[in-house]
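Visitor: I am new to this structure and would be grateful for a guided account of it.

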Amino acid sequence: MMLKKSLVLTAVACLGLPMVSMAEEPPIEAYKAWTATKDHTIWAPLGGLKGDPAKGRKLAIASAKGNCLACHELPIPEEGFHGEVGPNLSGLASRYTEGEIRMRIVDIQVLNPASLMPPMYKNPAELKNVAKKYVGRTILTAQEVEDVVAYLMTLK
Ligand code: HEC
């Protein structure tokens, strides 16, 4: 019994979801399906939405949202803590196209199933072992994904 319990806890921890608070989240919006090319690129903006880089920068800082700073270094000097779990994202847009960046935000586990980075816009119907309050939700909304992508595209 003890073993089973610890396995469940490990699975929940691996999903990386509990660190995202949904307390102020708006009602669940309809999931906007995306398609990736074989070389891991999502060319079309989610739902055809246009991103706002200033909002994306705020989202990258917000611990209750993408929490990017917990794992990544970013050129955001006013924030004290920058994590080192993932690569430094400075100069990202010189290394990747917009579509490649979108893929990595939406679901990096398509590229690396063992990645510690939570998929920000995976089909909620495909998520397993999700706590009740997260059921049916993506971590970021489609608009938030596009805002973050627009911000990351400024990191040349
Ligand atoms: C729990 C830690 C964690 C969080 C939170 C996280 N990431 Fe990541 N991220 C990683 C790791 C680890 C990688 C390395 C790739 C891998 O795991 O295969 C990565 C890779 C990436 C990459 C690809 C970088 C490259 O040079 O290939 C991008 C872009 C990225 N993350 C953006 C973000 C953004 C934007 C956020 C916030 C919305 C975020 N990440 C949140 C851990 C995290």
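Guide: A definition is useful at the outset: rings of Phe, Tyr and Trp, the last taken by its six-membered ring, count as a pair if their centres lie within 6.5 Å. Please also note that the model is predicted.

Visitor: How many aromatic pairs does a search of the whole structure find?

Guide: A pair of aromatic rings is described by the distance of the centres and the angle of the planes. The search covers the whole structure, and the number of aromatic pairs found is 1.

Visitor: How are the rings of Y31 and Y121 arranged?

Guide: The ring centres of Y31 and Y121 are 5.2 Å apart, and their planes meet at 20°. Planes under 30 degrees apart meet the criterion for stacking. Because the angle between Y31 and Y121 is 20°, their pair is stacked.

Visitor: Which parts of the chain hold Y31 and Y121, and how far apart in sequence are they?

Guide: Y31 belongs to the loop between α1 (2-15) and α2, and Y121 to the loop between α4 and α5. The pair therefore ties together parts of the chain whose separation in sequence is 90 residues.

Visitor: Is Y121 buried or exposed?

Guide: Its partner Y31 has a relative accessible area of 28% and is partly exposed. For Y121 the relative accessible area is 1%. Buried means under 20%, so Y121 is buried.

Visitor: What is the pattern of elements along the sequence?

Guide: The protein contains 5 helices and 0 strands. Read along the sequence, its pattern is α-α-α-α-α.

Visitor: What share of the residues of the protein count as buried?

Guide: A residue such as A60, in helix α2, has a relative accessibility of 1% and therefore counts as buried. Of the 156 residues of the protein, the share that count as buried is 37%.

Visitor: Which residues coordinate the iron atom of the ligand?

Guide: The coordinating atoms are NE2 and SD, at 2.0 to 2.1 Å from the iron atom of the ligand. NE2 belongs to H72 and SD to M117, and the residues in question are thus named: H72 and M117.

Visitor: What geometry does the site of the iron atom have?

Guide: Ideal angles for six octahedral donors are 90 or 180 degrees. The iron atom of the ligand has 6 donor atoms, with angles of 86 to 179° among them. The site is octahedral.

Visitor: How many residues apart are H72 and M117?

Guide: H72 sits in the loop between α2 (53-61) and α3, whereas M117 sits in the loop between α4 and α5. The pair links distant parts of the chain, and the separation is 45 residues.

Visitor: Are H72 and M117 buried or exposed?

Guide: The relative accessible area of H72 is 11%, so H72 is buried. For M117 the value is 19%, and the cut-off for the buried class is under 20%. M117 is therefore also buried.

Visitor: Which residues lie closest to the centre of the largest pocket?

Guide: The largest pocket holds about 490 Å³ of space. It is lined by 26 residues, and those closest to its centre are H72, P87, L89, I108 and M117.

Visitor: Which element gives the most to the lining of the largest pocket?

Guide: By class, the lining has 19 nonpolar, 5 polar and 2 charged residues. The element that gives the most contributes 3 residues, and that element is α4.

Visitor: What is the class of exposure of N129, a residue with a positive phi?

Guide: N129 lies in the loop between α4 and α5, and its phi is near 55°, a positive value in a residue other than glycine. Its relative accessibility is 56%, and the exposed class begins over 50%. N129 therefore counts as exposed.

Visitor: What is the class of exposure of H40?

Guide: H40 is placed in the loop between α1 and α2, and its phi, near 60°, is a positive value in a residue other than glycine. With a relative accessibility of 26%, H40 counts as partly exposed.

Visitor: How far apart in space are D39 and L111?

Guide: D39 lies in the loop between α1 and α2 and is exposed, with a relative accessible area of 55%. D39 and L111 are 72 residues apart in sequence, and their C-alpha to C-alpha distance is 9.4 Å.

Technical notes. Residues numbered from 1 in each chain as written. Predicted model: local features only at pLDDT ≥ 70, side-chain atom pairs only at ≥ 80, totals over all residues. Heavy atoms only, no water. 1 Å grid on protein atoms, 1.4 Å probe; cavity = no way out; pocket = protein on both sides within 12 Å on 5 of 7 lines; lining within 4 Å. Points joined across faces, edges and corners; volume = space filled by probe spheres on them. Helix = DSSP H or I, 4+ residues; strand = E, 2+ residues; numbered from the N terminus. Nonpolar A, V, L, I, M, F, W, Y, C, P; charged D, E, K, R; others polar. Donors = N, O, S within 2.8 Å, 3.2 Å for Na, K, Ca; no water. Tetrahedral: all angles 85-135°; square planar, octahedral: opposite > 155°, others 65-115°. Buried < 20%, exposed > 50% of the residue type's maximum accessible area, 1.4 Å probe, protein only. Phe/Tyr/Trp six-rings, centres within 6.5 Å; stacked < 30°, edge-to-face > 60°.
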